[in-house]
Amino acid sequence: MKKNFIYVLSCFLLIVVACGEDDSSEQAPSDNFDRGALLVNWADNIIMPGYDNLAITLTTLEVATQGFIDAPTSVSLEEVRSSWLASYLAFQRVSMFELGRAETLNYRNRLNVYPTNTSEIEGYISSNSWNLELPSTIDSQGFPAIDYLLYGLGTDQELLDKYTIGANASSYKMYLLDLVTTMQTLTNEVSSDWANGFRQTYVANTSSSASGAVDQTVNVFLYYYEKALRAGKVGIPAGVFSGTPLPQNVESLHNEFVSKQLLLEALSATVSFFNGEGFSSDFPGNGFGLNTYLDTLNSVKDGSDLSVLINNQFVVAFDKIDLLDDSFVSQISNDNLKMLGAYDELQRNVILMKVDMLQALSIDVDYIDADGD
Amino acid sequence: MKVTYNTYTTKQTKAAPLAVFRVLFGFMMLASIIRFWANGWIQTLYIEPTFAFSYYGFDWLPLLGNYTYLLFFICGLAAFSIAIGYQYRIAIIVFFLSFTYIELLDKTTYLNHYYFISCLSFLLIFLPANCYYSIDALRLKKIRAKNVSAWTINSIKALLCIVYLYAGLAKLNSDWLLEAMPLQIWLPSKYDVPLLGNMLQKQWVHYAFSWGGAFYDLFIPFLLLYKPTRSIAFVLVVIFHLLTRVLFPIGMFPYIMIISTLIFFNAHFHERILLFFSAILKRLSIFNRVSFLEVNRATNYKIAPYVVGLFITVQLLLPFRYLMYPGELFWTEEGYRFSWRVMLMEKAGYAQFIVKNTKTGTQFAVNNSDFLTSFQEKQMSTQPDFILEYAHYLGTHFKSQGHKNIAVHVESYVALNGRLSQPFINPEVNLLDIEDTFKHKDWILEFNDTIQGI
């Protein structure tokens, strides 16, 4: 009996020891899918080059804005406009990565809440006082606010007048410049955080828990695809969530003829990320992506690979979007059914990725006791 | 028959196992409450959500807001009181009620092991667990006893056997045995478990774990009951539950099961544990000196064997209620809960609710995150009763917003155990026309595959 007792006691000790151990650093690769390599690919070949590229385009925008402020002419106006579009497109390639500093800064919303609040902007300008750090100003800044200031003030001549002979001309200039430099500051903050330490933490965080970098990245990616891309760029303006179409909610309302271009760029960034494709020929990528992860797990569905199903669905979505007008405002006003058709095809991939892919990858939503029943 | 019943209910055995069980159960529950609190889950699971999914027939239970903390405090205090055996009867009733109340608040958090705790604490109400090594027994001479009726300890063993046996029977299906599902999905994702991480990628390991788990659940009750195999069975219990602790997020459950199975050991073993307690707390050694009645004479237990007998019978029958429903159990989940079906399914879903105006034909889609937490949304999207309750909630909400003539439909997809996702709920059905009942839910679409087995 005594022996029995000692041995039960030692079992308890075993429990205590087992409780104490947590993530030990022992990691051997072999036939395990290499999540470290996946994270390295995301960080080094997709995310960081994306921010660097955005920072470059924002510098160009800042220079152009400075030039415009110094001498507001139709020539300098065109320069700001084109550099605004270039950086708006560059932004589409990093918008999904709300991780680390970007998450704490609320980066995506600081740069791209639309529709922008034009009356609030006019209020700030006429009172010549604003603070873009305040959460309440989130809908008066970023690319949509610049869109308004570069395209939404009437004809080109009327617009130039506001910056030259208008009563609040200097205030308009300062506000425009402040918008641009704020985006620059935020982007540099995120970018330098990645460069100074966060990248190391990120690629080393191969844990399988909900706080692991793979889980977190996939979760923010899917959140972006569902809420920002599918709903924000297409669903909400098409009236999917309101019953009546809301063309005033398209991305880039005042320069409405680029709304399709922005969506296409965002979707191609999404596809590239899914397939682990590097940012450019300078960053070719190491071949690790969600597609190869799924292939490794051998998630064969309906006789074909899940990664193939998802990529095929992206192609279908592209085809539907190609049918749309360059301006989503006119597309929604003239033939909203086509807009809804594009939405439906984007939606199908929400299901394939959020249901089938998350199941195959066994990614948790939260840290909560749950035993799968 | 009357004679056998009397013999059985009056047969006496040592009280030590029951006393040890009470002490360990109380402290485990206290630890569980503290852990839950420390993880911030009271806030995130019971206070932050604007909406809670109620169990059938319990939608009248009020949500407590910040007073939920008080409920947990009361529950923890009762657990402590159980452990030290102070005012045991009141403590166990308060514990049962407060713990069950917590579970009834929101079925999103349903776990078999929470249900197990509710069952066990209900059972303990009827057992004289405070007659030995308790403050009550120190204070009140009349409840002191060295012996208790054998059925009291046996009823705990019976409940444990049911849990294991039914969990084992539920594993006898083609997904579990032939496809190694869902372990084939879950195990590879535990790649960072020390030592095991790489092994968990191999398919034969998934099969080994599936079959091993089924055999374990089916045979462990007998190995624990049979004296010659009891020790080896306990080793298996420890290994099995520690493995589940390492691999799955199931909190305190492994420890609770390990502790509970100690009840199978004989009285000598438990007396040694009690001596061990006495060695730590000198005051307890009084139990070795004060006079104890040989027989527990507490009179108020006459009805207890009947209640416990009925309770065990219900436990035996309840898991089979699924047989009364057509369709695939895993798909419809009609009769799935409260049946010890543990870790059998990996289900993921997506539910897009559409609110339609039946007069004008206009419609809009609902953003679930406006109403539900991500955890609630995940649970809701795969379970029909959740979907229905949520649809009614949406109906009430949008009516109160001034929308008229509304119908609520859902476009939903569910993937079960690695199959490709398929439509789940009939999107043509206006869910507001349907009331939740125990009848078959014919608005769930057919499952396009077959799962063989129990």
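Here is a short tour of chain B, from its overall shape to its nonpolar core. Please keep in mind that this is a predicted model.

**Overall build**

Chain B is made up of 18 helices and 6 strands. A compact globule of 454 residues would have a radius of gyration near 22 Å, and the 24 Å of chain B agrees with that. If you lay the C-alpha trace along its principal axes, chain B spans about 85 × 50 × 50 Å. Among contacts in chain B with a separation of 6 or more, 73% join residues 24 or more positions apart.

**Surface and charge**

The table gathers some values for chain B.

| Property of chain B | Value |
|---|---|
| Residues that count as buried | 58% of 454 residues |
| Exposed area | about 19400 Å² |
| Share of that area from carbon and sulfur atoms | 65% |
| Positive side chains | 37 side chains |
| Negative side chains | 27 side chains |
| Distance between the centres of the two charge sets | 20 Å |

**Inside the core**

Which residues have the most contacts inside the largest nonpolar core? They are B:Phe25, B:Phe95, B:Phe116, B:Ile156, B:Phe353, B:Tyr390 and B:Leu431, in a core of 152 residues. Another core, of 111 residues, lies apart from it and includes A:Met48, A:Leu77, A:Leu160 and A:Ile363.

B:Phe116 is a good place to zoom in. Leaving out residues up to four places away in sequence, B:Phe116 touches B:Leu159, B:Leu160, B:Val163, B:Phe253, B:Ile256, B:Met257, B:Ser260 and B:Trp340.

Definitions and conventions: Residues are numbered from 1 along each chain as its sequence is written. Chains are lettered from A and ligands numbered from 1 in the order in which they are written. This is a predicted model: local features need pLDDT of at least 70, side-chain atom pairs count only at pLDDT 80 or more; totals for chains, interfaces and linings use all residues. Side-chain values use heavy atoms; hydrogens and water are left out. Helices (H or I, at least four residues) and strands (E, at least two) are DSSP runs, numbered from the N terminus. The radius of gyration is taken over C-alpha atoms; the globule rule is 2.2 Å times the number of residues to the power 0.38. Buried means under 20% relative accessible area, exposed over 50%, partly exposed in between (1.4 Å probe, protein chains only). Contact means heavy atoms within 4.5 Å. Accessible areas come from the Shrake-Rupley method with a 1.4 Å probe; for residues, only the protein chains shown count as cover. Lys and Arg count as positive and Asp and Glu as negative; His and the chain ends are not counted. The place of a charge is taken as NZ of Lys, CZ of Arg, CG of Asp or CD of Glu. A nonpolar core is a set of buried Ala, Val, Leu, Ile, Met, Phe, Trp, Tyr and Cys residues joined through side-chain atoms within 4.5 Å.
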